[in-house]
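The following note sets out numbered remarks on the model for a colleague's consideration. It proceeds from individual residues to the chain as a whole.

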Amino acid sequence: MTTQTTSSSVAPSATAPARARHRGSLGPVGLVLAGGVSVQFGAALAVSLMPRAGALGVVTLRLLASAVVLLLVCRPRLRGHSRTDWGTVIAFGVTMGAMNGLFYQAVDRIPLGAAVTLEVLGPLTLSVLASRRAINLVWAGLALTGVFLLGGGGFGDLDPLGVAFALAAGAMWAAYIVFSARTGRRFPQADGLALAMAVGAVMMLPLGIAESGSKLTDPVTIALGSAVAIMSSVLPYTLELLALRRLPASTFAILMSLEPALAATAGFLILGQALSLVQAAAIALVIGASMGAVRTQVGRRKASPGEVKGADLASS
């Protein structure tokens, strides 16, 4: 009787944290998905803005407006940070500026869908390199197959320079994932993001002025650029930074493969663009890979919380 009483009293306290961890593990995934949806609408607006301000002009407006908003909202402290902290946030800002600049150079030369598909190869490569389990190679392979199907199965007819820009943007995206995670651990809330955005804006400002000049002062262009900043930078970067505090870099990288799928789905729902069977299969592969990666990570946390924490630190 005593043994039964003890078991019944311990079981609830043991299972409650497990349930809390299970519910909490879904939170970062929702943040990443919400950020991805915002990015797709922002990307469409940015492409329409390019004839007015140029590719580098759009990037400059986007980063400047994002930096102003985040600095006003976060009011980050400038004192009390170590040299390593500043080195991390500066590297994050440079990576962010380079990623945006290279990507907009790519979409100025090749279709948006192909550019996103090629760019996603960077995070997918990171997911393979950062992974500690062989099963993640399967999920990465499925996602890779899906993004290539979404890209039409080949890129031979594309501008070679545009392809090079997209691949370089993908490499910067992988670096962004790593530095975003490190910045999130070194700075409270979104303070590190605000400082990094300011670094990226300062880096891109001379390039934007050289390409666009007085076009950047047009009120309509500024308003549209600010909207792009909110949708493509402020909201998604903040959500992703918060997610990376609880999500390993390898799992986050595979979730990023949803970007082409979100773009195709938004085109179907909003623009009436019909999906072919191949495109539908591609979306299914990408979503399946992402779900598999998340389920694998949740299983690892249940099995060995201490081991997973160490792997998370190593992967970032």
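1. Ser-212 is buried, its relative accessible area being 8%. In this predicted model, Ser-212 belongs to helix H7. Setting aside residues up to four places away in sequence, the residues that Ser-212 touches are Ala-53, Gly-54 and Gly-57. Ser-212 is therefore classed as buried because its 8% falls under the 20% limit.

2. Helix H7, residues 191-212, also holds Ile-209. Unlike the buried Ser-212, Ile-209 is partly exposed, at a relative accessible area of 46%. Ile-209 joins Leu-64 and Leu-205 in a nonpolar surface patch of about 220 Å².

3. Which residues touch the most other members of the largest nonpolar core? They are Tyr-104, Leu-193 and Met-197, in a core of 67 residues. Helix H6 supplies the largest share of this core, with 10 residues. Met-197 has contacts with Leu-63, Ser-66, Ala-67, Leu-70, Met-96, Ser-233 and Tyr-237, when residues up to four places away in sequence are not counted. As general background, nonpolar side chains tend to be buried together in soluble globular proteins.

4. How many salt bridges does the count give? The count comes to two. One of the pairs is Asp-218 with Arg-52, whose side chains meet at 2.8 Å, N to O. This pair links distant parts of the chain, since Asp-218 is in the loop between H7 and helix H8 (219-244) and Arg-52 is in helix H1 (residues 2-53), 166 residues apart. Asp-218 is partly exposed, at 27% relative accessibility. Arg-52 is likewise partly exposed, at 36%.

5. A salt bridge is also formed by Arg-186 and Asp-85, with their closest N and O atoms 2.7 Å apart. Arg-186 is in helix H6 (residues 160-186) and Asp-85 is in helix H3 (residues 83-107), so this salt bridge ties together parts 101 residues apart in sequence. Arg-186 is partly exposed, with a relative accessible area of 39%, whereas Asp-85 is buried, at 10%. In general terms, side chains of opposite charge can pair when their charged atoms come close.

6. Glu-119 deserves a separate remark. The residue lies in helix H4, which spans residues 112-130. Glu-119 is buried yet has no salt bridge. Where is the nearest side chain of opposite charge to Glu-119? That side chain is Arg-62, 8.2 Å away. The pair does not count as a salt bridge because 8.2 Å exceeds the 4 Å cut-off. Apart from neighbours within four places in sequence, the contacts of Glu-119 are Met-99, Phe-103, Ala-166, Ala-169, Gly-170 and Trp-173.

7. Val-128 is likewise placed in helix H4. Is Val-128 buried or partly exposed? At 35% relative accessibility, Val-128 counts as partly exposed. Beyond neighbours within four places in sequence, Val-128 is in contact with Leu-137 and Ala-140. Between Val-128 and Trp-139 the C-alpha to C-alpha distance is 9.3 Å, with a sequence separation of 11 residues.

8. The backbone at Arg-75 should be noted. Phi of Arg-75 is near 45 degrees, a positive value in a residue other than glycine. Most residues other than glycine have a negative phi. Arg-75 is located in the loop between helix H2 (55-74) and H3. At 66% relative accessibility, Arg-75 is exposed.

9. Finally, the chain as a whole. The protein chain contains 12 helices and zero strands, and the pattern along the sequence is α-α-α-α-α-α-α-α-α-α-α-α. Of its 316 residues, 47% count as buried. The accessible surface is about 14500 Å², and carbon and sulfur atoms account for 68% of that area. Among contacts between residues at least 6 apart in sequence, 88% join residues at least 24 apart.

Notes. Residues are numbered from 1 along each chain as its sequence is written. This is a predicted model: local features need pLDDT of at least 70, side-chain atom pairs count only at pLDDT 80 or more; totals for chains, interfaces and linings use all residues. Side-chain values use heavy atoms; hydrogens and water are left out. Helices (H or I, at least four residues) and strands (E, at least two) are DSSP runs, numbered from the N terminus. Buried means under 20% relative accessible area, exposed over 50%, partly exposed in between (1.4 Å probe, protein chains only). Lys and Arg count as positive and Asp and Glu as negative; His and the chain ends are not counted. Contact means heavy atoms within 4.5 Å. Patches are made of residues with over 30% relative accessible area and no salt bridge: like charges are joined within 9 Å, nonpolar side chains (Val, Leu, Ile, Met, Phe, Trp, Tyr) within 5 Å. Accessible areas come from the Shrake-Rupley method with a 1.4 Å probe; for residues, only the protein chains shown count as cover. A nonpolar core is a set of buried Ala, Val, Leu, Ile, Met, Phe, Trp, Tyr and Cys residues joined through side-chain atoms within 4.5 Å.
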